[in-house]
Amino acid sequence: MTAETSQTLDRGLRVLKLLADTDHGLTVTELSNKLGVNRTVVYRLLATLEQHALVRRDLGGRARVGLGVLRLGRQVHPLVREAALPALRSLAEDIGATAHLTLVDGTEALAVAVVEPTWTDYHVAYRTGFRHPLDRGAAGKAILSARQGTLDDPGFTLTHGELEAGASGAAAPLLGVTGIEGSVGVVMLADSVPERVGGRVLDAAREVAEALR
């Protein structure tokens with residue numbers, strides 16, 4: 001902590017991060033131990049966060065992330081999109097295919113940023129806001145592979161015809177970005193993805209991840 005920072009705010013943010021990292025919630029005692037502060041401080045932090053709907057406590061007294069976080073989360077997409085656009089533009093122009101950033105939204109994959117190439121005669125129309133199941137298409141499968149720890153070398157996922165007949169896709173997950181599950185990919189009208197595309201998509205995913213850290 002420095003003179004310019006707030007200890008109380010820092011502790012409150014640490015509480016939210018700890019709760020976000022668990023599926024079963026944490027008790028006051030557990031939070032007290034993890035934060036290294038007494039239970040009274042934790043009670044006050046939780047009460048304040050509850051007032052803003054950022055934390056909720058179940059009947060057993062375990063604290064969990066509250067629905068108020070979702071309202072804040074809705075404002076994240078524009079910021080993520082802005083950070084990703086330079087890498088997506090470069091990818092689309094280099095490959096000559098539609099590039100996209102896809103994030104997890106519940107049980108679905110949601111395209112939050114899409115860039116189409118400017119020099120091609122035709123390309124796949126892939127729109128911001130497009131949703132599809134996580135287990136279909138390269139974008140969702142890349143995310144699931146990273147989540148499940150099954151992502152192997154070369155680090156990207158290829159698919160064909162899973163979301164649109166005649167279209168192939170390549171995607172690589174965003175790695176090392178706290179609080180965000182997503183992937184960067186391209187979709188093209190082709191029977192298969194050219195060999196160099198996978199590596200280029202992987203590089204773009206790394207660029208986007210670096211911009212978001």
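**Burial, sheet and ring geometry in a predicted model**

Of the 213 residues of the chain, 41% count as buried. The model is a predicted one, and its chain has 7 helices and 8 strands.

User: What makes Y126 count as buried, and how is F130 classed?

Analyst: Y126 has a relative accessibility of 8%. Buried means under 20%, so Y126 counts as buried. F130 has a relative accessible area of 32%; this value lies between the limits of 20% and 50%, so F130 is partly exposed.

User: Why is the pair of Y126 and F130 called edge-to-face?

Analyst: The ring centres are 5.2 Å apart, and a pair requires centres within 6.5 Å, so the two rings qualify. Their planes stand at 65 degrees, and over 60 counts as edge-to-face, so that name applies. By this rule the count comes to 1 aromatic pair.

User: How do you know that the length of helix 1 fits its number of residues?

Analyst: Helix 1 covers residues 7-20, which makes 14 residues. From its first C-alpha to its last, helix 1 reaches 20 Å, close to the 20 Å expected at 1.5 Å a residue.

User: What places the buried residues of helix 1 on the same side?

Analyst: The buried residues in helix 1 are G12, V15, L16 and L19. They cover an arc of only 95 degrees around the axis, and therefore lie on the same side of helix 1. In general, an α-helix has 3.6 residues a turn, so residues three or four places apart point the same way. The buried residues of helix 1 pack against helix 2 (28-35), helix 3 (39-51), strand 1 (55-57) and strand 2 (63-65).

User: Which residues does T27 touch, and where does T27 lie?

Analyst: T27 lies in the loop between helix 1 and helix 2. Leaving aside residues up to four places away in sequence, T27 touches G61 and R62. T27 and R62 are 35 residues apart in sequence, yet 4.6 Å apart in space, C-alpha to C-alpha.

User: Why are strand 5 and strand 6 said to stand at the edges?

Analyst: The open sheet is formed by 6 strands in the order 5-4-3-8-7-6, with antiparallel pairing. Strand 5 (131-133) and strand 6 (157-160) each have a single partner strand, so one side of each is left without a neighbour in the sheet. The twist averages 30 degrees from one strand to the next.

User: What makes strand 4 and strand 5 a pair?

Analyst: Strand 4 (residues 108-115) and strand 5 share 3 bridges in the antiparallel sense; a pair needs at least two, so the condition is met. Within this pair, A109 stands opposite H132 in strand 5. Helix 5 (residues 76-95) packs on the sheet, touching strand 3 (98-105), strand 4 and strand 8 (182-189). The direction of helix 5 makes about 65 degrees with that of strand 4.

User: How do you know that strand 6 and strand 7 pair, and what links them?

Analyst: Strand 6 and strand 7 have 4 bridges in the antiparallel sense, against a requirement of at least two, so they pair. The bridge partner of T157 in strand 7 is A171. The two strands form a hairpin with 6 residues between them, and G161 in the turn has a positive phi of about 70 degrees.

User: Which residues of strand 6 make up its covered face and which its uncovered one?

Analyst: T157 and T159 form the covered face of strand 6, whereas L158 and H160 form the uncovered one. In a regular strand the side chains alternate between the two faces of the sheet.

Key. Residues are numbered from 1 along each chain as its sequence is written. This is a predicted model: local features need pLDDT of at least 70, side-chain atom pairs count only at pLDDT 80 or more; totals for chains, interfaces and linings use all residues. Side-chain values use heavy atoms; hydrogens and water are left out. The expected span of a helix is 1.5 Å times one less than its number of residues. Buried means under 20% relative accessible area, exposed over 50%, partly exposed in between (1.4 Å probe, protein chains only). The arc is that of the directions from the helix axis to the C-beta atoms. Contact means heavy atoms within 4.5 Å. Axes are lines fitted to C-alpha atoms, for helices over the stretch in contact, and angles run from 0 to 180 degrees between N-to-C directions. Rings of Phe, Tyr and Trp (its six-membered ring) pair if their centres lie within 6.5 Å; planes under 30 degrees apart count as stacked, over 60 as edge-to-face and the rest as tilted.
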